[in-house]
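Hi everyone, thanks for coming. I'd like to walk you through a structure today, so get comfortable and have a look at the screen.

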2 protein chains.
Amino acid sequence: MDKQVVGILGGGQLGRMLVEAASRLNVQVRVLDPTVQSPAKQISNFVPHVDEPFTSSEAIHALARVCDVLTVEIEHVNCAKLVAVEEAGEAKVYPSAATIQLIQDKFLQKEYLGAQGVALPEYARCDTLEEVLAAGDAFGYPFVLKCRLGAYDGRGNYVVESKADAEAGFSRLGGTMLYAEKFVPFSKELAVMVVRRPGGQVATYPVVETVQRDNICELVYAPAQIDGRVREAAMKVATDTVSCLPSGSAGIFGVEMFLHEDGHTVLVNEIAPRPHNSGHYTIEACCTSQFENHIRAVLDLPLGDTSLKVPAAAMINVLGGASGYSSVLEPCLASLEVPGATVHLYGKEDAKAGRKMGHITVVADSALQLRRRTDLIAGRLANASNAERARLAYRLCQQPSTNGAVCTEELNDVRDMSPLVGIIMGSDSDLPTMRPAAQLLEQFGVPFELTIVSAHRTPERMFEYARSAHERGLKVIIAGAGGAAHLPGMVAALTPLPVVGVPVKGRILDGVDSLHSIVQMPRGVPVATVAINNADNAALLAVRIIGASCPTYLEAMAQYMTDMRVGVEKKIERLETTGWKEY
Amino acid sequence: MDKQVVGILGGGQLGRMLVEAASRLNVQVRVLDPTVQSPAKQISNFVPHVDEPFTSSEAIHALARVCDVLTVEIEHVNCAKLVAVEEAGEAKVYPSAATIQLIQDKFLQKEYLGAQGVALPEYARCDTLEEVLAAGDAFGYPFVLKCRLGAYDGRGNYVVESKADAEAGFSRLGGTMLYAEKFVPFSKELAVMVVRRPGGQVATYPVVETVQRDNICELVYAPAQIDGRVREAAMKVATDTVSCLPSGSAGIFGVEMFLHEDGHTVLVNEIAPRPHNSGHYTIEACCTSQFENHIRAVLDLPLGDTSLKVPAAAMINVLGGASGYSSVLEPCLASLEVPGATVHLYGKEDAKAGRKMGHITVVADSALQLRRRTDLIAGRLANASNAERARLAYRLCQQPSTNGAVCTEELNDVRDMSPLVGIIMGSDSDLPTMRPAAQLLEQFGVPFELTIVSAHRTPERMFEYARSAHERGLKVIIAGAGGAAHLPGMVAALTPLPVVGVPVKGRILDGVDSLHSIVQMPRGVPVATVAINNADNAALLAVRIIGASCPTYLEAMAQYMTDMRVGVEKKIERLETTGWKEY
């Protein structure tokens with residue numbers, strides 16, 4: 001693809017996946033890593049590699065002399081050496097040494113980002129125990145004490161539980177180059193990958209949710225199951241964060257964020273100047289992976305499409321465990337039989353506990369199918385507790401359900417998913433009529449929201465609700481209305497989504513007034529009208545609409561129809577056995 | 001993943017993509033190929049390779065001694081040597097030497113498949129010129145004369161145009177080991193990948209359409225734009241074909257087929273006992289690629305999910321051209337800027353004309369978006385004619401349209417796509433009412449079908465139509481009916497798809513009879529009812545339903561709504577300028 005040669009400092013799994021992406025583009029990569037058969041080198045035979053420590057000054061110069069661009073798969077590198085490479089003009093360095101240096105010191109990173117207007121949790125420099133105690137007074141307990149340098153996967157962090165705990169934390173972390181961070185009461189941890197070209201152009205990946213256990217990323221869900229407008233906001237925060245970095249900050253960046261318990265405040269936790277664990281899902285789930293886009297960026301080639309190409313994806317880390325390599329193999333072998341799953345093993349020999357040995361990506365047609373698929377793997381993970389294994393085993397033996405309905409154990413999962421259907425009604429007096437729609441959607445495992453939106457009493461709210469519906473992630477709106485019944489049609493006039501109208505029966509005209517008002521829309525703006533008071537059918541229509549493009553729900557609908565037939569067949573049998581007189 | 005080592009005979013691009021898949025699973029691969037830096041070896045540094053001809057007996061034995069399983073990336077290998085490996089028990093050979101031998105002789109292949117009941121075009125052995133002439137008499141002209149051995153990418157084929165041409169063909173192909181094949185008047189060329197484990201279990205990929213130029217595969221569309229039931233039939237033919245191969249036929253197989261002009265007869269053209277060019281799209285578009293599934297199969301691991309994970313995909317071959325490597329780079333560089341496109345370059349140096357240098361995969365949310373994306377690349381291909389470039393350039397400058405409508409040049413493409421919407425009506429007398437629905441779908445570029453299905457006059461046809469609709473690939477059914485108007489509701493009772501009902505106004509009750517009959521469905525079976533005689537709105541609802549899961553159509557709907565507003569704004573302006581008296 002390109003005649004330029006890329007040198008990578010570090011040859012671990014991130015380097016390996018960079019090499020894989022580069023090879024597809026026929027881009028030559030040289031790896032600097034002390035291990036001769038490091039993961040990245042195993043899959044590259046184009047050119048000789050450099051088998052030296054990536055902190056070695058001579059080795060870095062040697063690499064630079066045979067490469068056009070140097071990049072990193074780890075930020076804990078000797079930046080002074082990279083500055084020398086830049087200054088000598090031996091090779092380009094992306095991201096620049098200055099950027100890496102800025103990011104590798106988490107306190108400087110915060111100072112820089114804060115000055116650029118990025119929203120951060122409160123923090124304070126702590127060079128003495130007194131400063132730690134002062135932070136405790138200012139932030140309250142618990143708060144987090146962190147090393148400025150070299151921390152990763154939870155190492156270098158200490159949660160200070162109380163004043164009495166402060167000294168222990170201070171000395172545990174070495175008593176120098178520390179800072180304190182106020183604890184953020186967050187509802188979810190989010191992450192976004194952003195890729196930036198040398199000229200500053202950026203492309204932003206979807207927002208994902210990361211699930212940590214013992215400070216190591218365990219699971220990533222894409223897209224994050226949050227309101228679509230919060231997703232947009234988080235993407236903007238991530239885009240702004242990477243855009244504000246100094247010039248020369250080319251390559252892929254991982255931006256980790258907290259979504260505050262308030263449901264909408266997004267704070268930046270930290271950034272990584274390289275491919276990131278939370279972006280591994282992009283290999284299978286996005287049009288262009290984070291790895292290929294990093295290669296493109298450092299070569300100043302056009303950035304690839306960062307959008308999701310599947311409805312839902314998850315990434316599960318495979319860590320070394322107590323039983324060595326079999327802790328790694330068991331979940332991988334299990335996932336070979338899980339539809340939509342892809343195994344990545346990094347070619348590491350020593351499966352010591354907690355070491356990242358590989359990952360499994362799962363893709364699915366819906367968040368519901370995704371949970372079912374990840375459940376099949378999660379119970380096999382070395383780090384899953386026995387209780388978790390038992391719980392998942394119980395859930396799995398309950399699936400698939402016999403009546404097209406989700407199992408009880410799944411309901412909490414579904415409630416945590418971003419709504420696909422919005423049920424709205426003009427007044428709470430319509431709730432008894434509309435409630436069956438909610439019950440049916442729940443039964444089908446369709447995540448939904450239900451609220452009051454009145455065309456006549458809350459016109460601005462209706463306007464806002466309808467206009468934003470598709471941006472927030474809804475696919476169908478069910479609107480119930482009685483009498484003049486303007487709500488469904490007005491909403492349909494404001495959204496490109498399909499709107500299902502339920503005419504609610506009033507006391508005067510038997511609901512025919514609502515029916516005609518809802519169904520007789522002018523050319524150009526359709527409302528899918530169902531029978532008077534028949535909210536059940538509105539929900540079933542919504543399931544059919546979603547199922548048209550999603551096999552999981554199409555199959556559930558087919559099952560539901562079979563169940564209806566079987567239900568009637570049982571009545572027939574009972575009628576025949578009992579006789580019509582006694583029936 | 002597995003302690004077994006796989007040896008591959010041949011180190012070209014197929015071997016390269018096999019190595020890529022194996023590395024992800026941490027499976028070691030040794031490549032036998034005379035070229036030291038062959039494409040496959042470039043991305044494998046695990047273990048030493050064997051730099052010898054893959055026809056060399058000693059080299060094959062040497063490879064077998066360090067591998068557990070041998071496999072091939074090309075069928076033109078010395079099978080006698082592989083038999084010796086099998087007999088000596090040096091390594092397993094998948095697919096078995098006997099299978100490769102059977103397939104590499106295309107005449108024996110046909111004899112075997114024919115005996116197993118696989119539907120084939122007529123053929124005849126031709127060892128003499130007399131037999132060639134006899135074939136001409138039997139099959140008529142033109143027919144195809146083919147070499148039994150060693151033919152690929154059109155080499156070894158000769159189209160015999162007339163009796164006078166027979167001798168030229170006979171001698172051109174060497175005058176020995178030939179056979180003749182009757183020309184099949186086909187509407188499309190189809191292909192299916194099938195993977196088989198040593199125990200005989202198979203998994204079948206979707207049906208794709210291959211577009212050949214000069215006997216070389218140029219483009220692959222997945223899924224093939226044909227009726228869903230024909231797709232099912234072709235999948236069954238392919239599955240049966242691979243299933244009937246002798247035991248030991250493990251690995252991935254490509255099955256090339258003709259879809260006869262009659263629209264439903266599927267004939268097997270030939271099979272390949274290895275990854276196939278028509279299956280390259282599976283890397284980006286299916287849950288498990290053909291390459292990974294080949295590795296899984298020869299290691300007797302569970303087979304991966306063969307289903308498509310994106311709505312539509314295409315594969316474009318990048319061939320060497322007159323201008324050398326720049327013929328290769330130009331389309332690749334262009335495609336870096338095309339959303340959904342992924343470039344694969346094989347690491348070959350010499351870009352001689354017609355050589356497969358790489359390929360580009362494109363994924364999309366719909367067949368319409370896919371055509372638009374492939375158009376952006378196709379005009380850059382070295383083998384595109386000037387006329388083609390001009391035609392595509394013209395089309396591209398017409399997009400995107402300003403009124404949410406597809407450009408005229410696209411209409412023929414859309415007509416060739418599998419219908420997403422079925423418009424049905426009880427009688428041709430309903431056509432004037434329903435026609436606007438067809439016109440609107442055409443304007444939006446939604447592929448559709450339109451036919452007469454009467455609940456009362458053709459109940460069996462209605463039953464069959466509704467039952468098969470989702471299997472045939474429809475996502476929405478629009479049914480128009482007047483009077484008793486049972487069609488929409490009865491169809492809804494027979495399909496899990498959303499059904500849109502259009503009440504057609506009769507002469508007696510102003511269509512209120514139809515409206516009530518269509519909308520007042522019992523609980524359990526919804527019909528999305530629109531206004532009386534308002535087929536426009538039915539089509540717009542269908543577009544909204546498809547758009548709920550497909551951004552291309554959602555954006556077109558948003559554009560349509562904007563256009564409506566602008567249209568009214570113009571009228572407002574005219575009214576204000578003209579005044580109400582003159583308006």
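Let me start in a loop: Asp300(A) sits between H11 and strand S15 (312-319) of chain A. Its phi is positive, about 55 degrees, although Asp300(A) is not a glycine. Is this residue buried, partly exposed or exposed? With 39% relative accessibility, Asp300(A) counts as partly exposed.

Before I go on, please keep in mind that this is a predicted model. Chain A has an average pLDDT of 93, and 98% of the residues score at least 70. For the complex, the predictor gives an ipTM of 0.95 and a pTM of 0.95. As a general habit, don't read predicted coordinates in detail where pLDDT is low.

Chain B has a residue to put beside that aspartate. Asp510(B) is not a glycine either, and its phi is positive, near 65 degrees. You'll find Asp510(B) in the loop between strand S21 (499-504) and helix H19 (512-519) of chain B. Its relative accessibility is 49%, so Asp510(B) counts as partly exposed.

While we're on loops, let's talk about prolines. The peptide bond from Tyr141(A) to Pro142(A) is cis, with omega near -10 degrees. Pro142(A) belongs to the loop between helix H7 (129-139) and strand S6 (143-147) of chain A. Over in chain B, a cis peptide bond joins Tyr94(B) and Pro95(B), with omega about -10 degrees. Pro95(B) is in the loop between S4 and helix H5 (97-104) of chain B.

That S4 takes us to a sheet. In chain B, four strands make an open sheet with parallel pairing, in the order S2-S1-S3-S4. Strand S2 (28-32) and strand S4 (92-93) of chain B are at the edges with a single partner strand each, so one side of each has no neighbour in the sheet. How many bridges join strand S1 (residues 5-9) of chain B to S2(B)? Five, and the two strands run parallel. If you want a spot to zoom in on, Gly7(B) stands opposite Arg30(B) in S2(B).

Now for a strand on the inside. In strand S15 (residues 312-319) of chain B, eight of the eight residues are buried, so the strand is largely enclosed by the rest of the structure. Ala312(B), Ala314(B), Ile316(B) and Val318(B) point one way, while Ala313(B), Met315(B), Asn317(B) and Leu319(B) point the other way.

What does S15(B) pair with? Strand S12 (residues 216-222) of chain B is joined to S15(B) by four bridges, running antiparallel, and Leu219(B) has Ile316(B) as its bridge partner. Strand S17 (residues 356-364) of chain B is also antiparallel to S15(B), with eight bridges. There, Ala312(B) stands opposite Ala364(B).

Next, the core. The largest nonpolar core has 76 residues, and Val421(A) and Val421(B) have the most contacts inside it. Among the residues that Val421(B) touches are Leu441(B), Phe448(B), Leu474(B) and Ile546(B).

Last stop: the cavities. The count comes to seven cavities of 30 Å³ or more, and the largest has a volume of about 390 Å³. Which residues are closest to the centre of the largest cavity? Of the 29 that line it, they are Glu20(A), Arg24(A), Ile283(A), Arg24(B) and Ile283(B). Helices H1 (13-24), H10 (282-285) and H11 (290-298) of chain A, together with H1 (13-24), H10 (282-285) and H11 (290-298) of chain B, each supply at least two residues of that lining.

That's my tour, thanks for listening!

Note on methods:
Residues numbered from 1 in each chain as written. Chains lettered and ligands numbered in written order. Predicted model: local features only at pLDDT ≥ 70, side-chain atom pairs only at ≥ 80, totals over all residues. Heavy atoms only, no water. pLDDT = per-residue confidence, 0-100. Pairing = 2+ DSSP bridges. Core = buried A, V, L, I, M, F, W, Y, C linked by side-chain atoms within 4.5 Å. Buried < 20%, exposed > 50% of the residue type's maximum accessible area, 1.4 Å probe, protein only. Contact = heavy atoms within 4.5 Å. 1 Å grid on protein atoms, 1.4 Å probe; cavity = no way out; pocket = protein on both sides within 12 Å on 5 of 7 lines; lining within 4 Å. Points joined across faces, edges and corners; volume = space filled by probe spheres on them. Lists of a residue's contacts leave out its neighbours within four places in sequence.
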